[in-house]
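Q: Please take a close look at one open sheet in this model, with its strand order, its pairing and the helix that lies across it.

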Amino acid sequence: MLEETWIVASFCLVPLAISVALWYRYALPRIPKPFLRFPYLEELAPTGVTISWITRKATTGALRISSVGADDLYFESRRLGRHHSFRIDGLHPDTVHSYQVIINAKSTVDNLHFKTIPLQETECHFFALADSGSGKRPQYRIAARIEEWLNHDPFEFGLHLGDISYSRTSTPDEDREYFRPYHRILCRVPIWLALGNHDVDYGKTVNHLAFHRMPGNKRWYSLDYGRIHVTVLDSTRWNSTSQREWLERDLRNHQDVQWKIVVLHHPPYCRPYIREGVLQPGSHIEIRNLWCPLFEQYGVDLVLSGHSHTYQRTRRIRDYCPGGKGIVYVIAGGGGERIDTVAEEIDTPGLMEAWLGGRYHFVRLKITNEQLAIMAVDDRGRVFDEFSLDRPST
Ligand SMILES: [Fe+2]
């Protein structure tokens, strides 16, 4: 009797459990029709931007751009297709523009905004995240927290510190891993991408190009946001002589900007961490020895990384020691893939000032002429670390 009851219960409970699991897995925010990929921004510049989208069925597409004090700009493609992309040039720097997406002659998305890059301004607000490309709920929770900030204190752009895609094939699943979770962000701000190890695994090579067009040689490049210079490196090719030469040139040519930020996936300074019960070493010593002297020589202020799925922040470091005018290194690896815990300090004694494992997060950075402030925010919107670097005005 007991056995029969157990068999009947199994017949009922197993499908129920499967249904709940499927709902949990797939009942994630959807992209509004008629889009397969919601409109997104890329190649933002002082006088231009690229706006693209993909529809589920072949349509015509058009775009109207408006800004205060200027005539509306109108672009259209009468050719039927699913992929639509418009490059817009001739805009004014540091100006908020609204845009309207028109599908099959009907306005479909209205009142979205973007702001062109300023030429001289130093004030800037942006976010950074890494190790996100799981397509699972934690990634959506982080996206929702970023959206909340966008609604009351807008970001101007985002930086992805690598591991955009975790798919174990030669092609990423762009919509599941990136465009769908971030669709309400990407229609308002562009995200610039750094390559992580998962982005070059399984023959993906320059995987990030499946997501966005990248400047420079695509793997390493830099961008200027007013008087802030961001240098993005490919740490999967840390031993490339041409990359090191480019890095030195890039930093030397931007010595007089107000703030210098370097982005690379593998952290030069990192406490060991535990992933799925296995201790991982943390710091990437070869990268530290090869690149950090250049960062110090040319006055880099902040280095942002991921790879370890933890949050970590060093004291200011110079010559491998805590020092008054040194560089702060931040790891923000809690973007959505399985989270790690922080282990005992081994090769970074006294260098770390803040660390937290086991919590999904992103960081927001607010920069003025005098100060660079960074805030770590978790997937429930709680701020769990804050610090700032001060600099006298120049
Ligand atoms: Fe990684």
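A: Strands are DSSP runs of E with at least two residues and helices are runs of H or I with at least four, both numbered from the N terminus. Two strands count as paired if DSSP finds at least two bridges between them. The model is predicted, with local features needing pLDDT of at least 70 and side-chain atom pairs counting only at pLDDT 80 or more, while totals for chains, interfaces and linings use all residues. Residue numbers start from 1 along each chain as its sequence is written.

The open sheet has six strands in the order β8-β7-β6-β21-β22-β23, and its pairing is mixed. β8 (191-193) and β23 (383-390) each have a single partner strand, so these edge strands are left with one side lacking a neighbour in the sheet. On average, neighbouring strands of this sheet are turned by 20° against each other, direction ignored; axes are lines fitted to C-alpha atoms, for helices over the stretch in contact, and angles between N-to-C directions run from 0 to 180 degrees.

The parallel sense is found between β6 (residues 124-129) and β7 (residues 157-160), which share four bridges. Phe 126 has Phe 157 in β7 as its bridge partner.

The antiparallel sense is found between β22 and β23, over seven bridges. Here Ala 373 stands opposite Ser 388 in β23. The two strands β22 and β23 form a hairpin with four residues between them, and Gly 381 in the turn has a positive phi of about 85°.

Helix α2 (residues 137-152) lies across β6, β21 (361-367) and β22 (371-378), where contact means C-beta atoms, placed from the backbone, within 7 Å. α2 runs at about 25° to β21.

Note on methods. Two residues are in contact if their C-beta atoms, placed from the backbone, lie within 7 Å.
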